[in-house]
Structure formats: C-alpha cells, structure tokens
Amino acid sequence: MSELIMVVEDEPSIAEVVSLYMKRAGFQVVTAKDGGEAMAYFEKQIPDLVILDLMLPEIDGLSLTRWLRDRSEVPIIMLTARREEIDRIAGLEMGADDYVVKPFSPQELVSRVRAVLRRLKRELAAAENERPVTHGSLTIDPRSRSVSIDGKAILLTAKEFDVLYLLALHPRQVYTREQLLERIWGGAEYIDPGTVTVHIRRLREKIEPDPATPSRLLTVWGVGYKFEP
Ligand code: CA
C-alpha cells in the first residue's frame, strides 16, 4: 500500500503539479482547496502526510497546522513564499516537519516528502525497539532497564540485561555465541567467548525457577541460545 498524501493548496495549477509528481512518485493523493475541505477529509481519513500551503483563504495554513497537530502526529510539509519567513518559523514551532519555499521544483518536494516519511519510519522502528517485552510472568522494560517476575524486581547487570532483552525480543530465534558477542559486546576480540556462557548461567540463576533445568533460556546444542516464551 502506498502512502496517502493530502495536498492543501488553493492555487489549482500548483495543486495539479504537486499531485502529478506525487502520483508519479507512487503516492496516493487527495487534494483540498482550503482548510475547511482539508478538515472535512481529515475527519474521515488521516493521511500519511500533509503538504499545505501557508497562504490559504479563510482558514490560514498556520491555523490548519495547529488544528492538525491537536488531532494527530501526521507529518506536515509547508509550502511558503520567501516573504513569509516569520510564518514559516511559526509553522515549524507549531509542529510542521519541513517547509519548501515557492517557487520550488516539484522533484525537490518529492524528495522532502520521502525524507520525512523515512525519518518517521525510523522513529517508529526505534520506538518499537524500546517497547517492554512480557512473556508470562516475566516483564522486561528497556526504558527503565528493569526486569521483574510476578511483579518482583530482578537485579541484573547491564550486560545480563542486554542479553536477556535481545533474546526475549526475538523469542525462539537462536543466537550463536559469536552473534551475542557481536551484538552485546560489540564484537570486541579480547572478550572470551566463555563470557556469554557465564552470563547465561547467571541469568538462569536469576530468572529460572530451576536453573539446572532451564525453561526460559535454552541451550541449542552446538549452535547457541534462545528464549522460549
Ligand atoms: Ca495560496
């Protein structure tokens, strides 16, 4: 599914060129010729990105930006004239993500749209990586770097935490010692591969009901380790 771009522009020729280039770039496009139309559309469907002209009749671009920001985190790129510098700054402060000064090259606008969407995807992926992981009674929260079992806090060292979080984030995926050394210890060559074994053993003592017969941190013989949810 390609992303939906909403173009809010009262000048038909500009709206047309922008839509054309966005469609050519593989985006879906919806156009609105003023703030009212944009709001009405927005109430029905939130686009993936909004390109809006700062100088609009009736509801101006700044008010529309504020209105959109109150309702969503939708990325906004403003189209501004060179003389509207003060408004441009106000727009950025109000939460617009980027701006393009008129007259602009439509190809440049396409690049900006792609850049903003890419950045957003990266941010979403990063937020996803920060999410707490829960498997049964075990909860791991990367934001506070805390681990608990049945609500009872478990104290782990920094590396023990990193190993457990990596494994628990990808349950049943087998990691070799070399992969763990690479990911957690940055592949430092002077680290003894036995370090991983030691960390796994200590983790088992802390999180396994019976460390001698682990049910969470399993050894895959001849390969490495995995987390069993
Ligand atoms: Ca205008």
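Select first the donors of the calcium ion, which follow the spacing D-x42-D-x1-M along the chain. Asp10 and Asp53 lie 43 residues apart and link distant parts of the chain: Asp10 sits in the loop between strand E1 (4–8) and helix H1 (12–24), and Asp53 in strand E3 (residues 49–53). Helices (H or I, at least four residues) and strands (E, at least two) are DSSP runs, numbered from the N terminus.

This is a predicted model, in which local features need pLDDT of at least 70 and side-chain atom pairs count only at pLDDT 80 or more, while totals for chains, interfaces and linings use all residues. Residues are numbered from 1 along each chain as its sequence is written, and side-chain values use heavy atoms, with hydrogens and water left out.

Next, display the calcium ion itself: Asp10 (OD), Asp53 (OD) and Met55 (O) coordinate the ion at 2.0 to 2.3 Å. Donors are N, O and S atoms within 2.8 Å of the metal (3.2 Å for Na, K and Ca); water is not among the atoms, so sites may look incomplete.

Colour the two aspartates by accessibility. Asp53 is buried, with a relative accessible area of 3%, whereas Asp10 is partly exposed, at 34%. Buried means under 20% relative accessible area, exposed over 50%, and partly exposed in between (1.4 Å probe, protein chains only).

Finally, turn to helix H7 (177–185), helix H8 (194–207), strand E11 (217–220) and strand E12 (224–227), each of which supplies at least two residues to the lining of the largest pocket. A pocket is an open set of points on a 1 Å grid over the protein atoms alone, where a 1.4 Å probe fits, with protein on both sides within 12 Å along at least five of seven lines; lining residues have an atom within 4 Å of a point. H8 gives the largest share of this lining, four residues.
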